[in-house]
Amino acid sequence: MICKSVYKIPDGKLVKIELDFSADKIKSVKINGDFFLHPENGVELIENCLKGLKPEKKLIMAAVDGEVKKNSLQLFGITSEGVADAILLAKENAKHEPEGV
């Protein structure tokens, strides 16, 4: 199921999520917004590390934090908690979308 969210991180920037999940696992996620990551491929690294995870806040935050540390990513206006909250909002939005949309 594909679902979307737009989330304003408290004291941060806007994050847009497009989430594809099934059987309570993240199949893919696209992260966009008005935040900055350095290097620029950091968004792709984070998106890839989330594949196969259960959409649970602690798991998402740990995966994002691990990827940030492993690749020495610098985040500006975005946090692992903000990414997790935006993903969970997208999942919640799926419950309210009409069938076939």
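Seven bridges join β1 to β2, and the two strands run antiparallel. Two strands count as paired if DSSP finds at least two bridges between them. Helices (H or I, at least four residues) and strands (E, at least two) are DSSP runs, numbered from the N terminus. The model is predicted: local features need pLDDT of at least 70, side-chain atom pairs count only at pLDDT 80 or more, and totals for chains, interfaces and linings use all residues. Residues are numbered from 1 along each chain as its sequence is written, and side-chain values use heavy atoms, with hydrogens and water left out.

Within the β1-β2 pair, isoleucine 2 stands opposite aspartate 20 in β2. The hairpin of these strands has five residues between them. Aspartate 11 is found in this loop between β1 and β2. Its phi is near 60°, a positive value in a residue other than glycine. Aspartate 11 is also exposed, with a relative accessible area of 86%. Here buried means under 20% relative accessible area, exposed over 50%, and partly exposed in between (1.4 Å probe, protein chains only).

In a regular strand the side chains alternate between the two faces of the sheet. Strand β1 shows such alternation: Cys3, Ser5 and Tyr7 point to one face and are buried. Ile2, Lys4, Val6 and Lys8 point to the other face and are not buried.

Strand β2 (residues 14-22) also pairs with β3, in the antiparallel sense, over eight bridges. Isoleucine 17 has isoleucine 31 of β3 as its bridge partner. Together three strands form an open sheet in the order β1-β2-β3, with antiparallel pairing. The edge strands are β1 (2-8) and β3, each of which pairs on one side only. From one strand to the next, the twist averages 20°. For such angles, axes are lines fitted to C-alpha atoms, for helices over the stretch in contact, and angles run from 0 to 180 degrees between N-to-C directions.

The protein chain as a whole has three helices and five strands. Along the sequence they follow the pattern β-β-β-β-α-α-β-α. Between β4 and α1 lies a loop that holds proline 39. The peptide bond from histidine 38 to proline 39 is cis, with omega near -5°.

Helix α1 has Gly42, Val43, Ile46, Glu47 and Cys49 as its buried residues. Seen down the axis of α1, these residues fall within an arc of 165°, so they line one face of the helix. The arc is that of the directions from the helix axis to the C-beta atoms. What covers them includes β3, β4 (36-38) and α2. Contact means heavy atoms within 4.5 Å.

Helix α2 (residues 57-70) has 14 residues, which should span 20 Å at 1.5 Å a residue; its end C-alpha atoms are 20 Å apart, which agrees. The expected span of a helix is 1.5 Å times one less than its number of residues. In α2, the buried residues are Ile60, Ala63, Val64, Glu67 and Val68. They fall within an arc of 135° seen down the axis of α2, so they line one face of the helix. Lys58, Ala62, Lys69 and Lys70 are exposed on the other side. The cover over the buried residues of α2 includes β3 (25-33), α1 (42-49), β5 (74-76) and α3 (80-94). Serine 72 is found in the loop between α2 and β5. Its phi is near 50°, again a positive value in a residue other than glycine. At 58% relative accessibility, serine 72 counts as exposed.

Helix α3 has 15 residues. From first C-alpha to last, α3 reaches 22 Å, close to the 21 Å expected at 1.5 Å a residue. Its buried residues include Val83, Ile87, Ala90 and Ala94. What covers the buried residues of α3 includes β1, β2, β3 and α2. Serine 80, placed in α3, is buried, with a relative accessible area of 9%. Not counting residues up to four places away in sequence, serine 80 touches Met61, Val64 and Asp65.

Of the 101 residues of the protein chain, 39% count as buried. Residues 24 or more positions apart account for 50% of the contacts with a separation of 6 or more. A compact globule of 101 residues would have a radius of gyration near 13 Å; the protein chain has 13 Å, which agrees. This radius is taken over C-alpha atoms, and the globule rule is 2.2 Å times the number of residues to the power 0.38. Along the principal axes, the C-alpha atoms fill a box of roughly 40 × 25 × 20 Å.
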